[in-house]
Amino acid sequence: MTDDEDLILAQALGAVGATGGGSGGRRGAAFAARRLKKNVHEVELSLGLSPSEAAARAADVLLRLGTPVRTAGAEPPAGARAVRALVGGGFGNMNPVLVTVTLTGAGPEATAVRVRGAAKEGLIKQRAGEKTARQVAELLSRPGC
């Protein structure tokens, strides 16, 4: 599911660049974003929920934090479900972070969850992908969330 992360992040950073510099800002930010390294972090956890309940919780958490992302070409592994969103991270939540939550049934009332956060990193390392993945994992593991 990581094949289009760079493209999604470059487009998101281009949108941020457009807010201050019009179409030139969009193209410049997207151009630069394609050349930046990614900060990627994955957190694995287990939820005592059925896969459908866990997917609903993940969708709810990501919807509260950011904007859902639908991708056409990337499919999760067989037997798994995936939910994606762009979430603000880093200083002032200005750095777009692509969060992918992959859910796999581990029984009737158990679901294995992998939270992946990916963000572009500039000269100042903010570890936005890592921090956002940990934040989403914490919210998912809270009871009643």
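1. A salt bridge is taken here as a side-chain nitrogen of Lys or Arg within 4 Å of a carboxyl oxygen of Asp or Glu. On that criterion, E5, K38, E42, E44, R114 and R116 are linked in a network of salt bridges. The structure is a predicted model, and the remarks below should be read with that in mind. A search of the whole structure finds 10 salt bridges, of which a few are discussed here.

2. Within the network, the pair I would look at is E44 with R114, whose closest N and O atoms are 2.4 Å apart. E44 belongs to strand 1 (residues 37–47) and R114 to strand 5 (residues 111–121), so this salt bridge ties together parts of the chain that are 70 residues apart in sequence. The two partners should also be described separately in terms of accessibility: E44 counts as exposed, at 58% relative accessibility, whereas R114, at 36%, counts as partly exposed.

3. A salt bridge within one helix is provided by R64 and D60, with 3.4 Å between the closest N and O atoms. Both residues lie in helix 2 (residues 51–65), where they are four residues apart, or about one turn of the helix. D60 has a relative accessible area of 36% and is therefore partly exposed, given that this class covers values between the 20% limit for buried and the 50% limit for exposed.

4. E138 and R142 form a further salt bridge, in which the closest N and O atoms are 2.8 Å apart. Here each partner falls in the intermediate class, since E138 is partly exposed at 43% relative accessibility and R142 is partly exposed at 40%.

5. Is R84 buried or exposed? With a relative accessibility of 5%, R84 counts as buried, because the class requires a value under 20%. This arginine is placed in strand 3 (residues 80–89), and two polar contacts of its side chain deserve mention: one, at 3.0 Å, is made with the side chain of D4, and another, at 2.9 Å, joins R84 to the side chain of T100. As general background to the charged pairs in this note, side chains of opposite charge can pair when their charged atoms come close.

6. For a figure, two views would cover the points above. One could show the network that includes E5, K38 and E42, together with the E44 and R114 salt bridge between strand 1 and strand 5; the other could show buried R84 with its polar contacts to D4 and T100.

Technical notes
Residues are numbered from 1 along each chain as its sequence is written. This is a predicted model: local features need pLDDT of at least 70, side-chain atom pairs count only at pLDDT 80 or more; totals for chains, interfaces and linings use all residues. Side-chain values use heavy atoms; hydrogens and water are left out. Helices (H or I, at least four residues) and strands (E, at least two) are DSSP runs, numbered from the N terminus. Buried means under 20% relative accessible area, exposed over 50%, partly exposed in between (1.4 Å probe, protein chains only). A polar contact is a pair of N or O atoms within 3.5 Å; within protein, one must be able to donate a hydrogen and the other to accept it, and residues adjacent in sequence count only if both atoms are side-chain atoms.
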